[in-house]
Amino acid sequence: REGRRIILVDRPGSVQSTLRLGHPAPHRAHPDHVPMALAGTILGGAFTSRLNHLIREVRGYTYGIRGDFASSRRFGRFGVSSGVQTAVTAPALVEAVGEISRTRSGGVTEEELAVARSWRAGQLSVELQSPRAIASALTTLVVHDLPDDYHARLREALLAADVDQVNAAAATHLHPDSLTLVVEGDAAMIRDDLAATDLGEITS
């Protein structure tokens, strides 16, 4: 859809707001899957991510926030999830949308990418330690219409992705101006603050 919108789900008396931000993204077999995954890791997919550093470490709004790309055979989504104190619902949303916008427009650094590449490549061996995990990985090839050598080449693809590819994927597949922002919390306490952010039309 064009433009952001806020869907406010009222939970009277809640001392915390649950945040879900998202928009559609490409399917799993898309050629940008690896650079998209690395961009998502840097933005919100790890404890060292930009979103977690800003919203948790710098602002102290939450115990944790996560954002990443997830894909199915025909489509995917980019999503961010967190829980914040009621009083900081609006500023937390503003900061999260701002960080997504900065990542889209300014890209990532080589240092951030080096950490993300190493972490994602290292996870591959951890994720394939049991027969059950290997069977699941093989199922993925069928479900998502991937080539037979996908897993054999995935580590190589992760380690070979360069900063220009990741920045191009972030610029192409992050859409901060088209986010749907779902907020579950005490509407009487947060509606006016949400309206003042001008992040989008509020519906209940």
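## Salt bridges

Buried here means under 20% relative accessible area, while exposed means over 50%, with partly exposed in between. With that in hand, let us walk through this predicted model, starting with a charged pair. The side chains of Arg117 and Glu110 meet in a salt bridge, with 2.9 Å from N to O. Arg117 has a relative accessible area of 15%, so this residue counts as buried. Glu110, at 38%, is partly exposed. Elsewhere, Arg66, Asp68 and Arg77 are joined into one network by salt bridges that share partners.

The count of salt bridges comes to 10. One of them links Glu112 with Arg50 through their side chains, at 2.8 Å from N to O. Glu112 sits in helix α4 (residues 110-127) and Arg50 in helix α2 (residues 50-58), so this pair ties together parts that are 62 residues apart in sequence. Arg50 is buried, with a relative accessible area of 16%, whereas Glu112 is partly exposed at 25%. Arg56 and Glu57 also meet in a salt bridge, at 2.7 Å from N to O. Arg56 is partly exposed, with a relative accessible area of 28%, and Glu57 is partly exposed too, at 44%.

## Strand pairing

Strand β4 (residues 76-85) runs antiparallel to strand β2 (residues 16-25), and 10 bridges join the two. If you would like a residue pair to look for, Arg20 has Ser81 in β4 as its bridge partner.

β4 also pairs with strand β3 (residues 65-71): these two run antiparallel and are joined by seven bridges. Here Phe69 has Phe78 in β4 as its bridge partner. How many residues lie between β3 and β4 in their hairpin? There are four residues between the two strands.

## A covered helix

Helix α1 (residues 33-45) is mostly covered, with 13 of its 13 residues buried. Its end C-alpha atoms are only 14 Å apart, although a straight helix of 13 residues would reach 18 Å at 1.5 Å a residue.

## A nonpolar surface patch

To finish, turn to the surface. Leu128, Ile134 and Leu138 make a nonpolar patch of about 250 Å². Leu138 belongs to helix α5 (residues 131-143). Is Leu138 buried or exposed? Its relative accessibility is 52%, so Leu138 counts as exposed.

Methods: Residues numbered from 1 in each chain as written. Predicted model: local features only at pLDDT ≥ 70, side-chain atom pairs only at ≥ 80, totals over all residues. Heavy atoms only, no water. Patch = residues over 30% accessible without salt bridge, like charges linked within 9 Å, V, L, I, M, F, W, Y side chains within 5 Å. Areas by Shrake-Rupley, 256 points an atom, 1.4 Å probe, with all protein chains shown as cover. Salt bridge = Lys/Arg side-chain N within 4 Å of Asp/Glu carboxyl O. Buried < 20%, exposed > 50% of the residue type's maximum accessible area, 1.4 Å probe, protein only. Pairing = 2+ DSSP bridges. Expected span 1.5 Å × (residues − 1).
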